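Hi everyone, thanks for coming. Let me put the structure up, and then I'll walk you through it.

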Amino acid sequence: MRSPVQDYLDRLVDQIRPVDEGATYQAVPSAAAMDRNLFGLALTTVEGHCYASGDAEHPFSLQSISKAFTYGMALEDLGPDKVHEKIDVEPSGDPFNEISLQAGTGRPDNPMINAGAITTTSLIKGRGGRDRIGRIVNTFSDAAGRDLKVSESVFKAEDKTGHRNRALAWLLRSFGILESDPELSLQDYFRQCSILVTAKDLSMMAATLANQGVNPATGERVFSPQVVRWVLSVMSTCGMYDDAGTWAIEVGLPAKSGVGGGLLVVVPGQMGVGVFSPPLDEHGMSVRGGVAIKQIATDFGLHYGDVP
Ligand code: GLN
(Lines give C-alpha, C1' and ligand atoms only; values in the text may rest on other atoms or scores of the structure.)
Protein backbone atom coordinates (compact mmCIF):
# COMPACT_ATOMS: atom_id res chain seq x y z
CA MET A 1 0.00 0.00 0.00
CA ARG A 2 1.26 3.47 -0.82
CA SER A 3 1.87 5.76 2.10
CA PRO A 4 -0.46 8.75 2.43
CA VAL A 5 2.62 10.93 3.11
CA GLN A 6 4.12 9.87 -0.22
CA ASP A 7 0.85 10.62 -2.03
CA TYR A 8 0.70 14.02 -0.37
CA LEU A 9 4.27 14.93 -1.42
CA ASP A 10 3.71 13.73 -5.01
CA ARG A 11 0.56 15.84 -5.28
CA LEU A 12 2.35 18.87 -3.83
CA VAL A 13 5.21 18.56 -6.34
CA ASP A 14 2.73 18.31 -9.27
CA GLN A 15 0.74 21.25 -7.95
CA ILE A 16 3.72 23.59 -7.34
CA ARG A 17 6.04 22.70 -10.26
CA PRO A 18 4.16 25.03 -12.68
CA VAL A 19 5.01 28.06 -10.49
CA ASP A 20 7.64 29.69 -12.68
CA GLU A 21 9.02 32.83 -11.12
CA GLY A 22 12.45 34.02 -10.00
CA ALA A 23 15.98 33.87 -11.35
CA THR A 24 18.75 31.30 -10.85
CA TYR A 25 21.95 32.22 -8.93
CA GLN A 26 24.16 34.02 -11.44
CA ALA A 27 27.55 34.07 -9.66
CA VAL A 28 28.18 30.37 -10.25
CA PRO A 29 27.93 29.28 -13.92
CA SER A 30 26.70 25.74 -13.12
CA ALA A 31 23.95 27.15 -10.86
CA ALA A 32 23.01 29.88 -13.33
CA ALA A 33 22.58 27.27 -16.07
CA MET A 34 20.46 24.89 -13.98
CA ASP A 35 17.12 23.73 -15.41
CA ARG A 36 14.63 26.09 -13.77
CA ASN A 37 11.98 23.34 -13.72
CA LEU A 38 13.91 21.21 -11.25
CA PHE A 39 11.91 20.73 -8.06
CA GLY A 40 12.48 18.20 -5.31
CA LEU A 41 10.97 17.75 -1.90
CA ALA A 42 11.98 15.44 0.97
CA LEU A 43 10.81 14.90 4.51
CA THR A 44 12.58 12.89 7.20
CA THR A 45 10.92 12.12 10.53
CA VAL A 46 12.76 11.97 13.86
CA GLU A 47 12.25 8.20 13.66
CA GLY A 48 14.41 8.25 10.51
CA HIS A 49 11.71 7.57 7.87
CA CYS A 50 12.46 9.47 4.68
CA TYR A 51 9.88 10.37 2.01
CA ALA A 52 10.94 12.09 -1.19
CA SER A 53 9.33 13.33 -4.38
CA GLY A 54 10.40 15.02 -7.63
CA ASP A 55 14.08 15.89 -8.12
CA ALA A 56 15.03 15.10 -4.53
CA GLU A 57 18.34 13.48 -5.53
CA HIS A 58 19.59 16.26 -7.77
CA PRO A 59 22.83 17.82 -6.42
CA PHE A 60 23.19 21.55 -5.77
CA SER A 61 25.42 23.72 -3.57
CA LEU A 62 24.53 24.23 0.07
CA GLN A 63 25.41 27.95 0.11
CA SER A 64 23.99 29.86 3.10
CA ILE A 65 22.33 26.78 4.60
CA SER A 66 25.88 25.92 5.69
CA LYS A 67 25.82 28.89 8.09
CA ALA A 68 23.46 27.17 10.55
CA PHE A 69 25.75 24.15 10.82
CA THR A 70 29.04 26.04 11.09
CA TYR A 71 27.39 28.11 13.83
CA GLY A 72 26.63 24.85 15.64
CA MET A 73 30.28 23.83 15.27
CA ALA A 74 31.62 27.15 16.62
CA LEU A 75 29.24 26.88 19.60
CA GLU A 76 30.46 23.33 20.28
CA ASP A 77 34.13 24.37 19.91
CA LEU A 78 34.13 27.57 21.98
CA GLY A 79 30.90 27.61 23.99
CA PRO A 80 28.11 30.19 23.59
CA ASP A 81 29.74 33.02 25.58
CA LYS A 82 32.92 33.21 23.49
CA VAL A 83 30.94 33.02 20.25
CA HIS A 84 28.50 35.68 21.46
CA GLU A 85 31.39 38.06 22.18
CA LYS A 86 32.24 37.96 18.47
CA ILE A 87 28.78 37.59 16.89
CA ASP A 88 25.50 38.93 18.24
CA VAL A 89 22.17 37.05 17.96
CA GLU A 90 19.89 39.90 16.89
CA PRO A 91 18.02 40.07 13.59
CA SER A 92 19.48 42.79 11.39
CA GLY A 93 16.58 42.99 8.94
CA ASP A 94 19.23 43.38 6.27
CA PRO A 95 19.84 41.37 3.10
CA PHE A 96 22.31 38.48 3.50
CA ASN A 97 25.27 40.30 1.99
CA GLU A 98 24.77 43.68 3.69
CA ILE A 99 27.84 45.46 5.03
CA SER A 100 26.25 45.75 8.47
CA LEU A 101 28.59 45.70 11.44
CA GLN A 102 27.72 47.18 14.83
CA ALA A 103 28.94 50.75 15.33
CA GLY A 104 32.21 51.01 17.19
CA THR A 105 32.93 47.31 17.65
CA GLY A 106 32.33 45.90 14.17
CA ARG A 107 30.51 42.92 15.69
CA PRO A 108 28.12 41.31 13.17
CA ASP A 109 24.46 41.29 14.25
CA ASN A 110 23.98 37.56 13.75
CA PRO A 111 25.63 34.47 12.23
CA MET A 112 23.18 34.13 9.35
CA ILE A 113 24.24 37.22 7.40
CA ASN A 114 27.52 36.86 5.52
CA ALA A 115 29.53 39.06 7.92
CA GLY A 116 28.48 36.85 10.83
CA ALA A 117 28.97 33.65 8.88
CA ILE A 118 32.54 34.50 7.82
CA THR A 119 33.28 35.29 11.48
CA THR A 120 31.70 32.00 12.55
CA THR A 121 33.95 30.07 10.20
CA SER A 122 37.02 31.89 11.56
CA LEU A 123 36.14 30.63 15.07
CA ILE A 124 35.93 26.94 14.17
CA LYS A 125 38.93 24.98 15.38
CA GLY A 126 41.37 23.75 12.75
CA ARG A 127 42.84 27.11 11.72
CA GLY A 128 42.24 27.21 8.00
CA GLY A 129 43.56 24.99 5.31
CA ARG A 130 42.61 21.31 5.24
CA ASP A 131 41.95 20.83 8.95
CA ARG A 132 39.07 23.23 9.38
CA ILE A 133 37.30 22.55 6.11
CA GLY A 134 37.87 18.83 6.71
CA ARG A 135 36.10 19.09 10.05
CA ILE A 136 33.28 21.09 8.46
CA VAL A 137 32.75 18.53 5.70
CA ASN A 138 32.85 15.67 8.24
CA THR A 139 30.33 17.30 10.57
CA PHE A 140 27.96 18.15 7.72
CA SER A 141 28.34 14.56 6.47
CA ASP A 142 27.43 13.23 9.92
CA ALA A 143 24.30 15.41 9.90
CA ALA A 144 23.38 14.20 6.39
CA GLY A 145 24.24 10.57 7.15
CA ARG A 146 26.45 10.19 4.06
CA ASP A 147 29.78 11.50 2.78
CA LEU A 148 29.41 14.99 1.30
CA LYS A 149 31.95 16.71 -0.94
CA VAL A 150 33.00 20.23 -1.89
CA SER A 151 32.46 21.11 -5.56
CA GLU A 152 35.77 22.61 -6.71
CA SER A 153 34.08 24.35 -9.67
CA VAL A 154 31.50 26.05 -7.41
CA PHE A 155 34.32 27.00 -5.00
CA LYS A 156 36.37 28.56 -7.81
CA ALA A 157 33.38 30.63 -8.97
CA GLU A 158 32.61 31.80 -5.39
CA ASP A 159 36.26 32.69 -4.87
CA LYS A 160 36.48 34.58 -8.16
CA THR A 161 33.26 36.59 -7.75
CA GLY A 162 33.19 37.02 -3.95
CA HIS A 163 34.48 40.60 -3.87
CA ARG A 164 31.91 41.77 -1.34
CA ASN A 165 32.61 38.83 0.98
CA ARG A 166 36.30 39.58 0.66
CA ALA A 167 35.67 43.24 1.54
CA LEU A 168 33.57 42.16 4.54
CA ALA A 169 36.30 39.83 5.79
CA TRP A 170 38.96 42.55 5.63
CA LEU A 171 36.63 45.00 7.36
CA LEU A 172 36.07 42.40 10.10
CA ARG A 173 39.85 42.02 10.38
CA SER A 174 40.28 45.78 10.78
CA PHE A 175 37.91 45.70 13.77
CA GLY A 176 39.74 42.71 15.27
CA ILE A 177 36.61 40.56 14.95
CA LEU A 178 38.61 38.29 12.66
CA GLU A 179 41.86 37.62 14.45
CA SER A 180 43.81 35.87 11.73
CA ASP A 181 44.38 36.06 7.98
CA PRO A 182 40.96 36.88 6.45
CA GLU A 183 41.89 34.95 3.33
CA LEU A 184 42.00 31.66 5.28
CA SER A 185 38.51 32.21 6.69
CA LEU A 186 37.22 33.25 3.28
CA GLN A 187 38.57 30.15 1.56
CA ASP A 188 36.84 27.91 4.10
CA TYR A 189 33.63 29.97 3.95
CA PHE A 190 33.55 29.71 0.15
CA ARG A 191 34.20 25.96 0.42
CA GLN A 192 31.45 25.35 2.99
CA CYS A 193 29.04 27.17 0.61
CA SER A 194 30.20 24.85 -2.20
CA ILE A 195 29.38 21.54 -0.50
CA LEU A 196 27.03 19.55 -2.73
CA VAL A 197 23.80 18.18 -1.26
CA THR A 198 20.36 16.97 -2.39
CA ALA A 199 16.90 17.76 -1.01
CA LYS A 200 17.05 14.35 0.70
CA ASP A 201 20.31 15.34 2.42
CA LEU A 202 18.76 18.62 3.56
CA SER A 203 15.81 16.77 5.07
CA MET A 204 18.18 14.49 7.01
CA MET A 205 20.31 17.44 8.18
CA ALA A 206 17.12 19.20 9.28
CA ALA A 207 15.89 16.03 10.99
CA THR A 208 19.18 15.89 12.93
CA LEU A 209 18.35 19.36 14.31
CA ALA A 210 14.70 18.34 14.87
CA ASN A 211 15.98 15.32 16.83
CA GLN A 212 18.04 17.40 19.31
CA GLY A 213 21.29 16.88 17.43
CA VAL A 214 21.20 13.12 16.84
CA ASN A 215 21.03 11.90 13.24
CA PRO A 216 17.84 9.80 13.30
CA ALA A 217 19.07 7.31 10.68
CA THR A 218 22.60 6.61 11.99
CA GLY A 219 22.02 7.37 15.69
CA GLU A 220 25.16 9.53 15.71
CA ARG A 221 25.22 12.63 17.91
CA VAL A 222 26.29 15.67 15.88
CA PHE A 223 25.37 18.54 18.22
CA SER A 224 24.39 18.76 21.88
CA PRO A 225 20.75 19.67 22.68
CA GLN A 226 21.90 23.07 24.06
CA VAL A 227 23.68 23.93 20.83
CA VAL A 228 20.66 22.86 18.77
CA ARG A 229 18.53 25.22 20.88
CA TRP A 230 20.84 28.16 20.05
CA VAL A 231 20.99 27.29 16.37
CA LEU A 232 17.21 26.90 16.00
CA SER A 233 16.59 30.16 17.87
CA VAL A 234 18.87 32.10 15.56
CA MET A 235 17.43 30.35 12.50
CA SER A 236 13.94 31.39 13.67
CA THR A 237 14.80 35.05 14.08
CA CYS A 238 17.50 35.59 11.44
CA GLY A 239 17.53 32.61 9.06
CA MET A 240 15.48 34.37 6.40
CA TYR A 241 17.33 37.73 6.62
CA ASP A 242 15.12 40.66 5.59
CA ASP A 243 12.16 38.31 5.07
CA ALA A 244 12.32 36.84 8.60
CA GLY A 245 9.24 38.66 9.94
CA THR A 246 7.00 37.69 7.03
CA TRP A 247 8.32 34.12 7.23
CA ALA A 248 7.48 34.00 10.97
CA ILE A 249 3.90 34.99 10.20
CA GLU A 250 3.39 32.77 7.17
CA VAL A 251 5.36 29.67 8.29
CA GLY A 252 6.43 29.98 11.92
CA LEU A 253 9.26 27.43 11.77
CA PRO A 254 13.08 27.74 11.94
CA ALA A 255 14.46 27.67 8.42
CA LYS A 256 17.50 28.50 6.31
CA SER A 257 17.63 29.34 2.62
CA GLY A 258 20.58 29.12 0.23
CA VAL A 259 21.12 30.68 -3.18
CA GLY A 260 21.86 27.23 -4.63
CA GLY A 261 18.07 26.75 -4.50
CA GLY A 262 17.93 24.76 -1.27
CA LEU A 263 15.63 25.42 1.66
CA LEU A 264 15.94 23.59 5.00
CA VAL A 265 13.12 23.66 7.54
CA VAL A 266 13.04 22.15 11.02
CA VAL A 267 9.90 21.00 12.81
CA PRO A 268 11.37 20.44 16.30
CA GLY A 269 10.62 17.03 17.75
CA GLN A 270 8.88 15.94 14.56
CA MET A 271 10.75 16.13 11.27
CA GLY A 272 13.10 17.88 8.88
CA VAL A 273 12.08 19.12 5.46
CA GLY A 274 14.37 19.79 2.50
CA VAL A 275 13.33 21.48 -0.72
CA PHE A 276 15.28 22.23 -3.86
CA SER A 277 14.35 24.39 -6.82
CA PRO A 278 16.81 26.81 -8.49
CA PRO A 279 14.79 30.00 -9.23
CA LEU A 280 15.15 32.50 -6.34
CA ASP A 281 13.11 35.44 -5.07
CA GLU A 282 14.63 38.83 -4.20
CA HIS A 283 15.76 37.51 -0.77
CA GLY A 284 17.74 34.65 -2.33
CA MET A 285 15.15 32.03 -1.31
CA SER A 286 13.87 29.33 -3.65
CA VAL A 287 10.46 30.49 -4.93
CA ARG A 288 8.94 27.00 -5.22
CA GLY A 289 10.60 26.09 -1.91
CA GLY A 290 8.81 28.94 -0.14
CA VAL A 291 5.44 28.02 -1.70
CA ALA A 292 5.90 24.35 -0.73
CA ILE A 293 6.82 25.08 2.88
CA LYS A 294 3.94 27.52 3.37
CA GLN A 295 1.58 24.83 2.05
CA ILE A 296 3.02 22.07 4.27
CA ALA A 297 2.95 24.31 7.37
CA THR A 298 -0.69 25.19 6.68
CA ASP A 299 -1.85 21.66 5.80
CA PHE A 300 -0.29 20.13 8.93
CA GLY A 301 -0.82 23.08 11.30
CA LEU A 302 2.91 23.33 12.05
CA HIS A 303 3.16 27.08 12.79
CA TYR A 304 4.23 27.64 16.42
CA GLY A 305 1.07 29.71 16.89
CA ASP A 306 -1.17 26.83 15.79
CA VAL A 307 -2.98 24.89 18.49
CA PRO A 308 -2.49 21.14 17.91
N1 GLN B 1 27.96 32.08 -1.32
C2 GLN B 1 26.91 33.04 -1.17
C3 GLN B 1 27.49 34.33 -0.60
O4 GLN B 1 28.28 34.24 0.31
C5 GLN B 1 25.85 32.49 -0.24
C6 GLN B 1 24.72 33.44 -0.08
C7 GLN B 1 23.39 32.76 0.21
O8 GLN B 1 23.17 31.57 0.01
N9 GLN B 1 22.44 33.58 0.62
O10 GLN B 1 27.18 35.39 -1.06
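So, first a bit of vocabulary: the domain bounds I'll use come from an automatic or database domain assignment. Also, this is a predicted model, where local features need pLDDT of at least 70, side-chain atom pairs count only at pLDDT 80 or more, and totals for chains, interfaces and linings use all residues. Residues are numbered from 1 along each chain as its sequence is written.

Where does the ligand lie? Domain 1 (4-63 + 195-300) and domain 2 (67-193) both give residues to the shell around the ligand, so the ligand lies between them. Among the residues surrounding the ligand are Gln-63, Phe-96, Asn-114, Glu-158 and Gly-284. By class, that shell has three nonpolar, seven polar and one charged residues. Here Ala, Val, Leu, Ile, Met, Phe, Trp, Tyr, Cys and Pro count as nonpolar, Asp, Glu, Lys and Arg as charged, and the others, Gly among them, as polar.

Okay, on to helices. The axes of H8 (residues 163-174) and H9 (residues 182-193) cross at roughly 140° and come within 9 Å. That makes H8 oblique to H9, oblique being whatever isn't under 35 degrees (roughly parallel), over 145 (roughly antiparallel) or 65 to 115 (roughly perpendicular).

And how confident is the predictor? On pLDDT, its confidence in each residue from 0 to 100, the protein's mean is 96, and 99% of its residues reach 70 or more. The model scores ipTM 0.93 and pTM 0.97.

Methods. Near = placed C-beta within 6 Å. pLDDT = per-residue confidence, 0-100. Axes fitted to C-alpha atoms, helices over the stretch in contact; angles between N-to-C directions. Helix = DSSP H or I, 4+ residues; strand = E, 2+ residues; numbered from the N terminus.
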